[in-house]
Amino acid sequence: MEQRQLGRTGLRVSRIGLGTLTWGRDVDEHGAADLLKAFWEAGGTLVDTADVYGDGEAEYLLGRLMEGLVPRRDLVISTKAGSVPDPDRRFDCSRGHLLAALDASLARLGTDYVDVWHVHAYDPYTPLEETLQAVDAAIASGRVRYAGVSNFCGWQLAKAATWQLAAPGARTRLASTQMEYSLLQRGVEREVLPAALDLGIGMLPSSPLGRGVLTGKYRNGTPPDSRGASEHLAPFVEPYLDDTAGRIVDAVTTAADGLAVTPLQVALAWVRDRPGVTAPIVGARTAQQLTAALSVEALSLPDEICRALDDVSAPVHRYPDHDWSTL
């Protein structure tokens, strides 16, 4: 699998990442082992997790598998901290919580460092400089090699990155940002992606297949074994089952038929090769699903197909995203 630089750093990662959101909940240890082995054998290196996935079970499973299945040195482990199971405060990015969460993640993963550590979301109750000082402390201790953020909007990303760049040598520049990005969700193109490109921050798209909808599996209803039929994931899928999404899925399916490939391959190739994107994170539940996703490696979409998909999925961007004099 082709390797790409993560932002403006020396770290190289596979251009498709393996997500573990469902590990420890919908994916057991046997299934996780099949996924990780298939990913590793295909040349994949970037594995993304978080301290809250499966209430910590995803990290624990990944740590178990690194003990005897896949060598730690062959993987680039990305995890996150900052989300908390508190209905009154969804995110805690205070120094105390972040550093304690990192220690707990390392214990579950069975490693003394993570390659990339993401702040899971912006915390309005903690000064941003406190959050970023905790990140720098983690890197200075050797427990973290590179740092990033997740789910930061444009101004939040720019503020965080600028703070880090204000003291070169003393603070560590942000390497990555993880955001939802697909043909069904192009909101990051308004401000986040332009900021990331300008600041040299690599984009790691989550849900690159539109929460599974872009595979076309929901065109004739909801399959009983799909996320859309799952009690805890149905609300996650439902927003992408409207008429607008249906038109985009139809266009993806038409393109796939013309290229003799699958809708999954078309949708994944589109987001993988967008400007600023380093590696989409694919959250397959089975090795068969993952193998289908990894088969995109040999596919590059023709320019005319990309333009057609851009047009059919184009979000409305007006002032101030475009020059006011052209409106």
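Helices here are DSSP runs of H or I, at least four residues long, numbered from the N terminus. Keep in mind that this is a predicted model. With that settled, let's start at helix H11, which covers residues 303-313 and includes Ser 313. The relative accessible area of Ser 313 is 8%, so this serine counts as buried. What does its side chain pair up with? The side chains of Ser 313 and Arg 186 make a polar contact of 2.8 Å. Arg 186 also turns up in the list of residues that Ser 313 touches once neighbours within four places in sequence are set aside; Leu 183 and Ile 248 are the others there.

Now for the helix pairs. Two packed helices are described by the angle between their axes and the distance between the axes. Take helix H5 (residues 154-165) and helix H6 (residues 192-199): their axes are 8 Å apart, and the packing angle is about 15 degrees. Angles under 35 degrees count as roughly parallel, so H5 is roughly parallel to H6. On the H5 side, the contact is made by Gly 154, Leu 157, Ala 158, Ala 161 and Leu 165, while H6 brings Val 192, Ala 195, Ala 196 and Leu 199. As for handedness, H5 passes H6 in a right-handed crossing.

Next come helix H3 (residues 95-109) and helix H4 (residues 128-140), whose axes come within 9 Å and cross at roughly 30 degrees. That angle makes H3 roughly parallel to H4. Left-handed or right-handed? The crossing of H3 and H4 is right-handed. Here Arg 95, Leu 98, Leu 99 and Leu 102 are the H3 residues in contact, and they meet Glu 130, Thr 131, Gln 133, Ala 134, Ala 137 and Ala 138 of H4.

On to the strands. Strand S5 (residues 76-81) holds Thr 79. Is this threonine buried or exposed? With a relative accessibility of 0%, Thr 79 counts as buried. Leaving out neighbours within four places in sequence, its contacts are Thr 49, Ala 50, Asp 51, Glu 59, Ser 105, Val 114, Val 116, Trp 117 and His 118. If you want a distance to check, the C-alpha atoms of Thr 79 and Tyr 53 are 9.8 Å apart, with their positions 26 residues apart in sequence.

His 118 is also in contact with Leu 204, a residue of strand S9 (residues 202-206). Leu 204 has a relative accessible area of 2%, so it is buried. Besides His 118, and again ignoring neighbours within four places, Leu 204 touches Leu 6, Leu 46, Ser 176, Thr 177, Gln 178, Met 179, Thr 278, Ala 279 and Ile 281. Measure-by-eye folks can also try Leu 204 against Phe 39: they are 165 residues apart in sequence and 17 Å apart in space, C-alpha to C-alpha.

Phe 39 leads us to a loop residue, since it is among the residues touched by Thr 45. Thr 45 sits in the loop between helix H1 (29-41) and strand S4 (46-48), and it is buried, at a relative accessible area of 13%. Which backbone atom does the Thr 45 side chain reach? It is the backbone nitrogen of Ser 14, at 3.0 Å. Beyond four places in sequence, Thr 45 touches Gln 3, Val 13, Ser 14, Phe 39, Asp 74, Leu 75 and Val 76.

Two more loop residues deserve a look for their backbone angles. Asn 151 is not a glycine, yet it has a positive phi of about 60 degrees. Its loop runs between strand S7 (144-150) and H5, and at 42% relative accessibility Asn 151 counts as partly exposed. Ser 207, also not a glycine, has a positive phi near 45 degrees; it belongs to the loop between S9 and helix H7 (234-237).

Finally, the cysteines. A disulfide is a covalent bond between the sulfur atoms of two cysteines. How many are there in this model? With a cut-off of 2.5 Å between sulfurs, the count is zero. Cys 153 shows why: the closest cysteine sulfur, in Cys 93, is 14 Å from its own, too far for a bond. Cys 153 is partly exposed at 28% relative accessibility, and Cys 306 is partly exposed too, at 22%.

Conventions: Residues are numbered from 1 along each chain as its sequence is written. This is a predicted model: local features need pLDDT of at least 70, side-chain atom pairs count only at pLDDT 80 or more; totals for chains, interfaces and linings use all residues. Side-chain values use heavy atoms; hydrogens and water are left out. Helices (H or I, at least four residues) and strands (E, at least two) are DSSP runs, numbered from the N terminus. Buried means under 20% relative accessible area, exposed over 50%, partly exposed in between (1.4 Å probe, protein chains only). A polar contact is a pair of N or O atoms within 3.5 Å; within protein, one must be able to donate a hydrogen and the other to accept it, and residues adjacent in sequence count only if both atoms are side-chain atoms. Contact means heavy atoms within 4.5 Å. Axes are lines fitted to C-alpha atoms, for helices over the stretch in contact, and angles run from 0 to 180 degrees between N-to-C directions. Angles under 35 degrees count as roughly parallel, over 145 as roughly antiparallel, 65 to 115 as roughly perpendicular and the rest as oblique. A crossing is left-handed if the near helix is turned anticlockwise from the far one by less than a right angle, and right-handed if clockwise.
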